[in-house]
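Student: I should like to learn how to read the features of a protein model. May we work through one together?

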Amino acid sequence: GQNSWAEESKTMDKKCSAAVDKLVDCGINFLAIDFDQTMIDVHTGGRWQGTALELTEHLRPVFLHLVPEATNRNIRIAICTFSGQTKHIRDVMEYAFPNIAELIVIRGNDKTWEYHGNGFKRGKQQHMASAAEELLAEQALGVTDVTKATTLLIDDDPKNIRMSLKDRTRAIWFNPKEPNELLDNILMLK
């Protein structure tokens, strides 16, 4: 019934709070989160036909709790995706997180950005580097020190995780079948 949903939500809030404490303890100030199959429970393949509002219904509860909690603690969020539908993703962020959406950076394969640094170009590495550059450029966001050492990638694709770790950036593999395991995995970070 209604009661168990409320209790579940409270439990999720507590766990997210503990996970964010852990991120802060580990010196992480930047979460790079994949979109398809990670933040949402479907794979759009960059070809979502429905509305952004319909897509918002596919957001996983764990992120509905984690993103605001992390943002409250000055951890910045970027959506790093191979999808080109960044306008849809931006709208989803506006619907889901109306008070903090403008703080969320989106990097997709939409040809609106290029990364010219000398960092690693494979996997999600250039998406993360470009998002970090934007965060650092936006003085209003109050971010002064996003580095590989302060970044965590959350992604369901083991290849992106491997590339990230190889590039000395922490990463957690997101299991689409067990979305809430993410919080346990964050609690195990070193």
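The dialogue below takes up helices, a pocket, cysteines and some loop residues in turn.

Tutor: Please keep in mind from the outset that this is a predicted model.

Student: Let us begin with helix α5. Which of its residues are buried?

Tutor: A residue counts as buried when its relative accessible area is under 20%. In α5, which spans residues 86-96, this applies to T86, I89, V92 and M93. Viewed down the helix axis, the buried residues of α5 fall within an arc of 110°, so they line one face of the helix.

Student: What covers the buried residues of α5?

Tutor: The covering elements include two helices, α2 (35-39) and α3 (52-56), and two strands, β2 (76-80) and β3 (105-107).

Student: How should I read helix α7, and which of its residues are buried?

Tutor: The approach is to find the buried residues and then to look at the opposite face. In α7, residues 158-166, the buried residues are N160, I161, M163 and S164. Seen along the axis of α7, they lie within an arc of 165°, so they too line one face of the helix. The face turned away from the buried side carries K159, R162 and K166, which are exposed. Among the elements that cover the buried residues of α7 are α6, β4 (151-155) and β5 (170-173).

Student: I turn now to pockets. What is the volume of the largest pocket, and which residues line it?

Tutor: One may describe a pocket by its volume, its lining and the elements that supply that lining. The largest pocket here has a volume of about 270 Å³. Its lining consists of W5, E8, S9, T11, M12, K15, P61, H65, N180, E181, L183 and D184. Two or more lining residues come from each of α1 (2-25), α4 (61-72) and α8 (181-187). Helix α1 contributes the most, with 6 residues.

Student: How many residues of each class are in the lining of the largest pocket?

Tutor: The lining of the largest pocket has 4 nonpolar, 4 polar and 4 charged residues.

Student: How many disulfides does a search of the whole structure find?

Tutor: A disulfide is a covalent bond between the sulfur atoms of two cysteines. A search of the whole structure finds 0 disulfides.

Student: Why do C16 and C80 form no such bond?

Tutor: One compares sulfur distances with the cut-off, which is 2.5 Å. For C16, the closest cysteine sulfur belongs to C26 and is 16 Å away, too far for a bond. For C80, the closest cysteine sulfur is that of C16, at 19 Å, which is also too far for a bond. Both cysteines are buried: C16 has a relative accessible area of 1%, and C80 has 0%.

Student: Which loop residues deserve a look at their backbone angles?

Tutor: One may look for a positive phi in a residue other than glycine. N74 has a phi near 65° and is not a glycine. N74 sits in the loop between α4 and β2 and is exposed, at 53% relative accessibility. K111, again not a glycine, has a positive phi of about 65°. K111 belongs to the loop between β3 and α6 (125-137), and its relative accessible area of 80% makes K111 exposed.

Student: Is N175 buried or exposed?

Tutor: Being in a loop does not settle the matter, and one must consult the accessible area. N175 lies in the loop between β5 and α8, and N175 is buried, with a relative accessible area of 18%. From C-alpha to C-alpha, N175 is 24 Å from L53, and the two are 122 residues apart in sequence.

Definitions and conventions. Residues are numbered from 1 along each chain as its sequence is written. This is a predicted model: local features need pLDDT of at least 70, side-chain atom pairs count only at pLDDT 80 or more; totals for chains, interfaces and linings use all residues. Side-chain values use heavy atoms; hydrogens and water are left out. Buried means under 20% relative accessible area, exposed over 50%, partly exposed in between (1.4 Å probe, protein chains only). Helices (H or I, at least four residues) and strands (E, at least two) are DSSP runs, numbered from the N terminus. The arc is that of the directions from the helix axis to the C-beta atoms. Contact means heavy atoms within 4.5 Å. On a 1 Å grid over the protein atoms alone, a cavity is a set of points where a 1.4 Å probe fits but cannot get out, and a pocket is an open set with protein on both sides within 12 Å along at least five of seven lines; lining residues have an atom within 4 Å of a point. Grid points are joined across faces, edges and corners, and a volume is the space filled by probe spheres set on the points. Ala, Val, Leu, Ile, Met, Phe, Trp, Tyr, Cys and Pro count as nonpolar, Asp, Glu, Lys and Arg as charged, and the others, Gly among them, as polar.
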